[in-house]
Amino acid sequence: MMAERSFDLAQLQTLLERIKSMKVACVGDLMLDRFVYGEVSRISPEAPIPVLKTRRSVAMPGGVGNVARNIAAMGATARLGAVAGRDNAGKELAELIAGDPRIEDLLSRPEGAETIVKTRFVSSGQQLLRLDEEAAPHSGYADTAVFESVAAILISDYAKGVVDDGLIQSALAAGAATGAPVVVDPKGTDFARYGAVDLIKPNASELAGATGLPVGTDEEIEVALKALLDTTAVKAVVVTRAGKGMSMVRRGEAVVHFPGRAHEVFDVSGAGDTAMAALGLALGAGLPLEGAVQFALLASGVVVGKAGTAVVTPQELLAEEGADGDGEFVNGLSDWDALAEQVSRWQADGLKVGFTNGCFDILHRGHVAYLAQARRWCDRLVVALNTDASVSALKGPTRPLNNLDSRAAVIGALASVDGVTYFGEQTPLELIKRLRPDVLIKGADYTKEQVVGAAEVESWGGEVRLASFEDGYSTTKTIEKMKTASEASK
């Protein structure tokens, strides 16, 4: 059967508030994910391969570490239990984990263990090559303290040796004692080894591998899920199916299919980790499995629009659900601290962040074209709006016609805009220095020397772009037309 969409904005807001007080155990295989971004402009004369000119490199915890990052990004606390080495990559992982106050480090670092490193080389949004550095499989993880005082237990199995029978049994015992649901992201073909966990979350390919059955259609998925339940003790299964959405089944019940949300897919790296985190958070917060799947669809739909093993934030979830809701919208304004944190996350994920500012009192065609052009120069675009008092100082006491909240809601609803904030100062210089964007965009009626913040942005390696305006469109002209029409109607 096909599920109706039942996850709405009010439910999301309630869930996100509940999540803030939760702790979640994240155990399994940990690795260091490294992304090397650059540009390809020629083929090597030594071999028919592209030459990548490196632009920047970023690193982040991968595997179960990325599940923990998503748990933390959505507002909960992640208790991270895994194995890492005492090598340089392990030290880098420890520093990255320590940099997130919502991730608790309960790692085991046995003598002789080597940290797994996966390095991806990327150009123009496409992965060119992945380099894996890993030695023999790691030993299991035995510290049961990771399961204390948690609302959910998430096991990420990448078949690197950490998720052994001992860890599985410890997780099941902890879940039985506290009522915390145990969720597994499985690997391999023997799903029976996970025992009576509350939920396993394979993707379609993994389901096919575990059952030996085709999984291309809804009907084939239903047959494969029934076969899986017949050969395991798991209580429920959610299979992720990329653009086809997700399908779920509880033992003794019919399969339910959830259609996916339409999104432009930028990178699917780590989308399964995001879905895993969302499922665990929702189940730990007391939602039924149907609601948890809807939440996972929402979260994974946002994250595939990002580069690298990315995460999703409450603000992004609210914006996504508000855009899709039944006539409701979310106030798009972010304060400086929250937006600076978001910009840092975008940049850590390898995304280029653009910044522009203005009054945007009455949105017209010229504004829309200007912002669309600005967005083409970056991966994420932030718009800073003048406060009402600032607009009045610039435009006169009768302006603005629309207050700050209204202007933010309209600007934030544009597909070209990814973040909205405000400033009351004469110029946005302090805000620019706070956000440190990669691209500063202003109208072509300025010269680069006249653009506030240009020197600062270029000092940290950014660039300044001048966007053209469509002739014949301006807020002042729009107001004059409205006045003329009003007088003519009298």
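This is a short walk through a predicted model of one protein chain, from the overall fold down to a few single residues.

Okay, the big picture. The protein chain has 16 helices and 18 strands. It runs to 490 residues, and buried ones make up 51% of them. If you take contacts between residues at least 6 apart in sequence, 71% of those join residues at least 24 apart. So much for the overview; let's zoom in.

I'll start with a helix pair. In general, two packed helices are described by the angle between their axes and the distance between the axes. Here the pair is H5, residues 204-211, and H6, residues 218-231, with an angle of about 55° and axes 10 Å apart. How do H5 and H6 sit relative to each other? They're oblique, because 55° falls outside the roughly parallel, perpendicular and antiparallel ranges. As for handedness, H5 passes H6 in a left-handed crossing. On the H5 side, the contact is made by Leu207, Ala210 and Thr211, and on the H6 side by Ile221, Ala224, Leu225 and Leu228. If you like reading helix faces off a sequence, remember that an α-helix has 3.6 residues a turn, so residues three or four places apart point the same way.

Next up, H13, which covers residues 404-412. Which of its residues are buried? They're Leu404, Arg407, Ala408, Ala409 and Ile411, and yes, there's an arginine in that list. The buried residues of H13 pack against two helices, H11 (365-376) and H12 (388-395), and two strands, E15 (380-386) and E16 (419-423).

Just before that helix, have a look at the loop between H12 and H13, where you'll find Pro400. The peptide bond from Arg399 to Pro400 is cis, with omega near 5°.

While we're on backbone geometry, two residues that aren't glycine have a positive phi, and I'll take them in turn. Ser149 has a phi of about 60°, and it's in the loop between strand E7 (126-133) and strand E8 (152-156). Phe360 has phi near 50° and belongs to the loop between strand E14 (353-358) and H11. Buried or exposed, for Ser149? Exposed, because its relative accessible area is 66% and the cut-off is over 50%. Phe360, on the other hand, is buried, with 7%.

Right beside it in the sequence numbering is a cysteine, Cys359, buried at a relative accessible area of 13%. Cys26 is buried as well, at 0%. A disulfide is a covalent bond between the sulfur atoms of two cysteines. How many disulfides does a search of the whole structure find? Zero.

Now two more residues from inside helices. Asn66 is in helix H2, residues 64-73. Asn66 has a relative accessible area of 0%, so it counts as buried. What does its side chain meet? The side chain of Asp273, through a polar contact of 3.1 Å.

Last one: Ala282, in helix H7, residues 271-284. Ala282 also counts as buried, because its relative accessibility is 0%. Leaving aside neighbours within four places in sequence, Ala282 is in contact with Leu15, Leu287, Ala292 and Phe295. And Ala152 is 130 residues away from Ala282 in sequence, yet the C-alpha to C-alpha distance is 9.2 Å.

That's my tour; shout if you want to go back to any of these spots.

Technical notes
Residues are numbered from 1 along each chain as its sequence is written. This is a predicted model: local features need pLDDT of at least 70, side-chain atom pairs count only at pLDDT 80 or more; totals for chains, interfaces and linings use all residues. Side-chain values use heavy atoms; hydrogens and water are left out. Helices (H or I, at least four residues) and strands (E, at least two) are DSSP runs, numbered from the N terminus. Buried means under 20% relative accessible area, exposed over 50%, partly exposed in between (1.4 Å probe, protein chains only). A polar contact is a pair of N or O atoms within 3.5 Å; within protein, one must be able to donate a hydrogen and the other to accept it, and residues adjacent in sequence count only if both atoms are side-chain atoms. A disulfide is a pair of cysteine sulfur atoms within 2.5 Å. Axes are lines fitted to C-alpha atoms, for helices over the stretch in contact, and angles run from 0 to 180 degrees between N-to-C directions. A crossing is left-handed if the near helix is turned anticlockwise from the far one by less than a right angle, and right-handed if clockwise. Contact means heavy atoms within 4.5 Å.
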